[in-house]
Amino acid sequence: MSHPDPYGNTESRGWDRPAAPALPWPDTDLEPGPWRPGPAAHTHPAGPDTYARPGAGADAYAGPETYTAPDTHAGPYPTTSRHHDGPGRYDGPPAGDRGRPGGPEHDGPWGEPARDDEYPTAQIAPVRDEPTEQIPAVRDEPASEPPAGRRGPGRRRASAERPPTTVPKASRAGRNLPAAIGVGVALGAAVVVPLFFFMPAFLAVLAAAVGIGIWEMARAVRRSGAHPPLAPLVAGGVITVGLAWYAGPDALCLGLLVTVLGTMIWRLGDGPGNYQRDLTAATLIAVYVPFLAGFAAMLAAAPGDGALRVLVTLAAVVLSDTGGYAAGVRFGKHPMAPTISPKKSWEGFAGSVTAAAAGSAALLWVLFDVAPWWGALFGMAISVSAVLGDLAESMIKRDLGVKDMSNLLPGHGGLMDRLDSILFAVPVAYLLLAVFVPVVS
């Protein structure tokens with residue numbers, strides 16, 4: 001007898017269920033065929049099953065099919081028959097199977113023994129309720145890395161019409177080396193050619209370099225909130241270089257004083273706001289660029305051998321930079337000033353001093369007939385001052401938060417990025433050459 005419906009319906013829950021809809025796709029495992037009793041009975045605790053047995057003719061079912069637990073009823077079909085005409089009632093195998101040769105033990109259409117591979121659904125294990133405690137807990141797994149061969153985001157796929165994107169590799173020095181060499185050669189030619197063929201043109205080149213350097217410095221310090229007046233600084237810088245060229249050290253100091261006083265007076269027109277900060281930045285620029293560049297003008301203005309004095313000074317600076325670059329790239333392991341210039345190493349500094357000392361010893365001995373050890377001392381002093389000048393400008397750029405003073409020169413940055421070593425080297429060269437090679441009036 002069927003169990004009563006707990007919701008008030010006294011009829012069996014299995015009689016009013018609609019038949020299962022037909023599958024919308026073909027399934028080879030569910031093709032219609034002759035009915036066969038399964039190897040084991042299945043139990044459906046929820047009630048009678050309403051799935052109709054596939055088949056046709058006399059063997060077709062007219063009523064629902066119920067799966068019940070195996071019973072012990074005696075007869076030719078003790079455990080394998082599944083046909084029931086109603087709930088709780090057993091009538092034996094269907095009429096079509098009773099007259100079939102072989103009985104239930106022969107389920108084939110002609111009485112052949114049934115094979116399991118013909119009915120794969122008979123091997124499916126019954127569904128059981130597993131306790132949830134045995135289910136492993138879900139854990140947050142870390143996101144896996146993408147495969148090595150998969151392209152990352154932002155990269156376009158190459159094809160026959162679209163070649164792959166190529167990114168130029170930077171050198172270990174962090175700049176475009178071919179462009180840096182080309183620009184360096186051009187700058188050297190712009191200095192050396194007028195130096196030996198028309199000296200007033202060298203003065204014009206020096207004045208132009210000072211003006212550009214002041215513009216780059218004034219532009220860079222604006223990131224800190226200071227706004228030094230540009231016009232008095234450029235005009236005073238050019239006057240300072242000209243005075244040093246024509247009148248020597250006393251005129252150089254006078255030019256610096258005039259530049260600072262002119263900047264103070266010019267700045268009064270903008271009001272008292274940030275006056276001290278602007279004036280401090282203007283004084284730094286006036287000392288750093290035109291005052292130090294005035295020593296280069298005094299070197300070139302030396303009677304008789306002024307061009308050679310400038311030449312040996314520039315050669316020592318170039319040898320220092322080249323030796324430091326070569327040694328730093330090849331052997332650099334110990335940072336010299338990691339918080340100021342991380343790419344400078346003590347190995348590179350040793351290369352700078354060695355190259356400058358060797359080259360200056362040969363140049364001063366050939367050009368000025370100075371003993372090689374004095375020439376080596378000159379080269380070492382120039383190398384140390386050039387490295388200090390480079391570190392000083394790097395410290396200013398770090399404080400201002402800029403990588404280069406400008407992008408005027410490809411591969412170099414700004415002009416001040418090339419003048420930083422020279423501006424610290426020319427005062428030392430002027431002093432040492434005045435001792436080693438006295439000026440003949």
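Trainee: In this predicted model, is Trp 374 buried, partly exposed or exposed?
Mentor: Start from its relative accessibility, which is 40%. The buried class stops under 20% and the exposed class begins over 50%. Trp 374 falls in between, so we call it partly exposed.

Trainee: How confident is the predictor on average, as pLDDT?
Mentor: 59% of the residues score at least 70. Over residues 40-91 the pLDDT is below 50, although that stretch has 85 contacts beyond near neighbours in sequence. Residues 95-112 also stay under 50, with 29 contacts beyond four places in sequence. For the protein, the average pLDDT is 74.

Trainee: What end-to-end distance does helix 6 have, and what should it span?
Mentor: Helix 6 runs over residues 275-300, which makes 26 residues. At 1.5 Å a residue the expected span is 38 Å, and this agrees with the C-alpha distance between its ends, 37 Å.

Trainee: At which residue does helix 6 bend?
Mentor: There's a proline to look for: Pro 290 follows the bend within four residues. The angle is about 25 degrees, and the bend sits at Val 287.

Trainee: How many residues of helix 6 are buried?
Mentor: The helix is mostly covered. Phe 295, one of its residues, counts as buried because its relative accessibility is 15%. Out of 26 residues in helix 6, the buried count is 19.

Trainee: How much helix is there over residues 281-301?
Mentor: The unreviewed UniProt entry annotates that stretch as a transmembrane region, along with others including 230-246. Residues 230-246 are 100% helix, with end C-alpha atoms 25 Å apart. For residues 281-301 the ends are 30 Å apart, strand is 0% and helix is 95%.

Trainee: What geometry does the pair of Phe 295 and Tyr 430 have?
Mentor: It's one of 5 aromatic pairs in the structure. The ring centres are 5.9 Å apart and the planes meet at 65 degrees; angles over 60 make a pair edge-to-face.

Trainee: How far apart in sequence are the parts that this pair ties together?
Mentor: Phe 295 lies in helix 6, while Tyr 430 lies in helix 10. Tyr 430 is partly exposed, at 27% relative accessible area. Ring pairs also bring Phe 291 into a cluster with these two. Because the partners sit in those two helices, the separation is 135 residues.

Trainee: Which residue pairs with Trp 374?
Mentor: The pair is tilted, at 5.4 Å centre to centre with 45 degrees between the planes. Trp 374 is in helix 9 and its partner is in helix 10, 62 residues apart. That partner is Phe 436.

Technical notes. Residues numbered from 1 in each chain as written. Predicted model: local features only at pLDDT ≥ 70, side-chain atom pairs only at ≥ 80, totals over all residues. Heavy atoms only, no water. Expected span 1.5 Å × (residues − 1). Bend = angle between axes of the 7 residues up to and from the residue. Buried < 20%, exposed > 50% of the residue type's maximum accessible area, 1.4 Å probe, protein only. pLDDT = per-residue confidence, 0-100. Contact = heavy atoms within 4.5 Å. UniProt positions renumbered as here; feature names shortened; annotations may be inferred. Phe/Tyr/Trp six-rings, centres within 6.5 Å; stacked < 30°, edge-to-face > 60°.
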